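Trainee: Hi, I'm new to this one. Can you walk me through it?
Mentor: Sure. Take a look, then ask away.

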Amino acid sequence: MSAEGHEEHEQAGRSTHDEDGAGQGPRGPGATDNLLAGSSRDTVQAGTVSGGVHFHRTEATAPRHPAGTPRQLPRDVRGFVNRTAEISHLNAILTDAVGDAVVVDVCVIAGTAGAGKTALALHWAHGAKPRFPDGQLYVNLRGYDPGEPVSAHEALGRFLTALGVPPGQVPADTDSAAALFRSVLADRSMLIVLDNAASVAHVRALLPGHPGCLVLVTSRSRLSGLAIRDGAHRLTLGALPEQEAVALIRAVTAGYRPEDDAAELRELAGLCARLPLALRIAAERAASNPYLELGELIEHLRDESALWSALSSGDEPESEAVRTVFAWSYRALPPDAARLFRLLGIHPGPEFGARAVSALAAVSLRRARQLLDVLAGAHLLEQTAPDRFEFHDLLRAYATDQARTHETPDGRTEALCRVTEWYLHTARNAQEWRAAPPDRLALTPPGPSVDPQTFTDHDQAVDWCESERANLPAAVRAAELAGLDRQAWQLAAALWTTQAPSAAVAEWLAVGEVALRAARRCGDRAGEARLLECRGFAHRRLNDAQASEDAHRAALAIRRDLGDRQGEATSLNALGLVAVFRRRLHAAEEFLARAAQARRELGDAHWEAVARANLAEALLEAGRIDEAAAPLDEALELHRQAGNQRSVGNVLRMRSALLLERGDTHAALEAAEEAVEIGLALRDHAPEGFWLLYLGDAQLALGQADQALTSYHRSATIHRRLGDRSREALAWQGAGRVHHHLGRHTEATGFLSRAAATHRELDDRWREAIALDHLAHTTASPDQNHPEDAQQHRREALRLIAPYNDPRANNLRQRLTTHLTTE
């Protein structure tokens, strides 16, 4: 098989069985020659770029999801009546004196907190939409939130998917994602709003690379670096002019109150420091009390201001005014709404839904929705989507302060414990759809105030995992900081199997370290072993085989100490998979045979079949095809009967490789196609991306060059986002073979050279040797005519495979030697 094997992990896997990589080699004596000797010259046109290597695209290789026209701007601010001078200033940057477009790439709206930067940006952006026919992108970077800001890479992922790039094809590193973003935006005219940027570094990766797009940035900082290096235009907001501040109050209160005295409105505006955030909150309170004299409301606000001044630490007057208005509005809330407001300051993530809020506050779901409506109506929360709410960063900080002041330490911990338990048990319910039974955490029942969400199908569970992508890691960290070690490690373990498909595996590793410390502190050795196993799988995904082996050996030692036979079998299986990947095939067979035997003794037919299928993988890698056939057939039948779709797909891709080696190409294609369809249905990019390599192999063997190139291209982009450089290189290798098949030897040389270099960087001797073998065929072709280079590639390949003595390695050695002695 030209693509590496892909075994099936047991338990604690990232998805149902966490498929991961194993070995890779030619299909047998002469197979590489036959595959590369194709003479088809199908027309393939120049197309996209992936990782610096040019893929060539036919109609078949176009993106699966056509790019749409994103319209991401949040709704315009109701009753926007101010900032007329600033809007005129922004309008002026769009055209020059003769009405032609001016090339202004970046405009920064800077100003103090609460000055209305976002409101101005969005109001102007809505009016400017006709000037940007290709759409608008928006992201709140949360640069000033108490929690983690949105990273440039996460923002790029959101933008790229909105522009039609499938989530699985967003590159894993920021530089590559930024390059793809610039490529996708080429020749488009788009408006991009970057809200609440904290620094120049937060913004720079999100800038287009050509004129025609305008980036509108809001920040409390002046972001001088953007002006110096990127030619950014800057607009600084201060307090509103008095007349506009009064107009804003009148706009909010119109229809709710009789005409208020102009002098009192000016006084109210002054108490709010004429800052829009404070003005809107104050005006909303006035509108909700239509029969209360404005003078009385002002007197209350003056009292609050005096109290706040006595308690404050001498911050800027504008900040004091804003906090005064917050306090004034907060104290006017009904007691239950005020309590929820301050408890929301404890919520660990940036946004929340009613079900999580119900657990946080220990109220019914219906009451949680009512209270959220009260807070949103008072402008103390913003509703961003159906059942999704978030704070302005200043209000979050104020809510957190109120929780520290008015909730006891035990009360705060109990609230955090409830919401963490809600996330934990809901993630466990998502595991019902995304993980096999042994992967699912055994949890104690939640408390009476925690009603976890349940799911009716797989897609609903995946959607929840995506929507809570930011909240779940934040909950792990918050739980650890609060001393909730059990919840911290269990939630991280659940997150491994429920991580959003759009998330990279490296995101879990950071959370996993937090959880491992927590498990060790609470003395849960079984939990420690489980997290070590997750760490092992994660490191394998990132091509660090030694770190993966170390983690699995540590988990095995703990499980042996605990007398955990099932866990021991799981660790043996995992070590066998790492050994297959490292091409230590004798050790792999030993580990996997012991794992299968242990499962048989435990009476676990399902996991015995898994271990036997993994053992078949090792036999396939060694070239012992006939020995591998029976356990694969048995495992496939068992998994089909049990309805274990991921297991079925995993065995099908191995069966495809086996059938291809036997020359049954049509059956190999059918098996690979079914596997990829399963991967798509599961919405799990790791198996989808890897099984595409097998589909590409079968398509190429049948002469379906265009379709094979599509499969390899999709696989490369998926693995690039996942950070799996080894499998990305295998996709390049497949693309190189396609181009050789098409007689495009220059392109083939580029892909194969890149694949060989990557395998060399990863110290993967076997896969480097395979890439060099393919490269030798290409460089020896008549139009390349570099026989000395081909011979050098073969000599290097022989050196690399010297340690291997299995049938497949011996066949490759014999074939390389024959070429060296006859050419």
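Trainee: How many helices and strands are there in the protein?
Mentor: The protein has 36 helices and 12 strands. Helices (H or I, at least four residues) and strands (E, at least two) are DSSP runs, numbered from the N terminus.

Trainee: Anything I should know about the model and the numbering?
Mentor: This is a predicted model, where local features need pLDDT of at least 70 and side-chain atom pairs count only at pLDDT 80 or more, while totals for chains, interfaces and linings use all residues. Residues are numbered from 1 along each chain as its sequence is written, and side-chain values use heavy atoms, with hydrogens and water left out.

Trainee: What share of the residues in the protein is buried?
Mentor: Of the 823 residues, 59% are buried. Buried means under 20% relative accessible area, exposed over 50%, and partly exposed in between (1.4 Å probe, protein chains only).

Trainee: And how much area does the protein expose?
Mentor: About 30,700 Å². Carbon and sulfur atoms supply 50% of it. Accessible areas come from the Shrake-Rupley method with a 1.4 Å probe; for residues, only the protein chains shown count as cover.

Trainee: Which residues touch the most other members in the largest nonpolar core?
Mentor: Phe341 and Leu344, in a core of 127 residues. A nonpolar core is a set of buried Ala, Val, Leu, Ile, Met, Phe, Trp, Tyr and Cys residues joined through side-chain atoms within 4.5 Å. Helix α21 (residues 505–521) gives this core its largest share, nine residues.

Trainee: What does Phe341 touch?
Mentor: Leaving out residues up to four places away in sequence, Phe341 touches Tyr330, Leu333, Leu375, Leu380, Phe391, Leu395, Tyr398 and Ala399. Contact means heavy atoms within 4.5 Å. Another core lies apart from it, with 67 residues, including Val676 and Ala771.

Trainee: New topic: what is helix α3 like, mostly covered or mostly open?
Mentor: Mostly covered, with nine of its 12 residues buried. Among them are Trp124 and His126. The cover over the buried residues of α3 includes α2 (84–92) and five strands by name: β5 (106–111), β6 (136–140), β7 (191–195), β8 (214–219) and β9 (233–237).

Trainee: How far does α3 reach?
Mentor: Helix α3 (residues 117–128) reaches 16 Å from its first C-alpha to its last, close to the 16 Å expected at 1.5 Å a residue. The expected span is 1.5 Å times one less than the number of residues.

Trainee: How many cavities of 30 Å³ or more does a search of the whole structure find?
Mentor: Six. On a 1 Å grid over the protein atoms alone, a cavity is a set of points where a 1.4 Å probe fits but cannot get out; lining residues have an atom within 4 Å of a point. Points are joined across faces, edges and corners, and a volume is the space filled by probe spheres set on the points.

Trainee: What lines the second largest cavity?
Mentor: Its lining includes Phe80, Arg83, Ala119, Leu120, Pro276 and Arg280. The elements giving two or more residues to that lining are α3 and α10 (276–288). The second largest cavity holds about 50 Å³ of space.

Trainee: What is notable about phi in Arg142?
Mentor: Arg142 has a positive phi of about 55°, although it is not a glycine. Most residues other than glycine have a negative phi. Arg142 sits in the loop between β6 and α4 (152–162) and is buried, at 9% relative accessible area.

Trainee: And Arg583, where is that found?
Mentor: In the loop between α24 (565–581) and α25 (585–601). Phi of Arg583 is positive too, near 60°. Arg583 counts as buried, at 5% relative accessibility.

Trainee: Last one: is Leu443 buried or partly exposed?
Mentor: Partly exposed, at 21% relative accessibility. Leu443 is in the loop between α17 and α18 (458–467). Leu443 touches Leu424, His425, Arg428 and Gln490, not counting residues up to four places away in sequence. From Leu443 to Arg428 is 15 residues in sequence and 8.5 Å in space, C-alpha to C-alpha.

Definitions and conventions:
1 Å grid on protein atoms, 1.4 Å probe; cavity = no way out; pocket = protein on both sides within 12 Å on 5 of 7 lines; lining within 4 Å.
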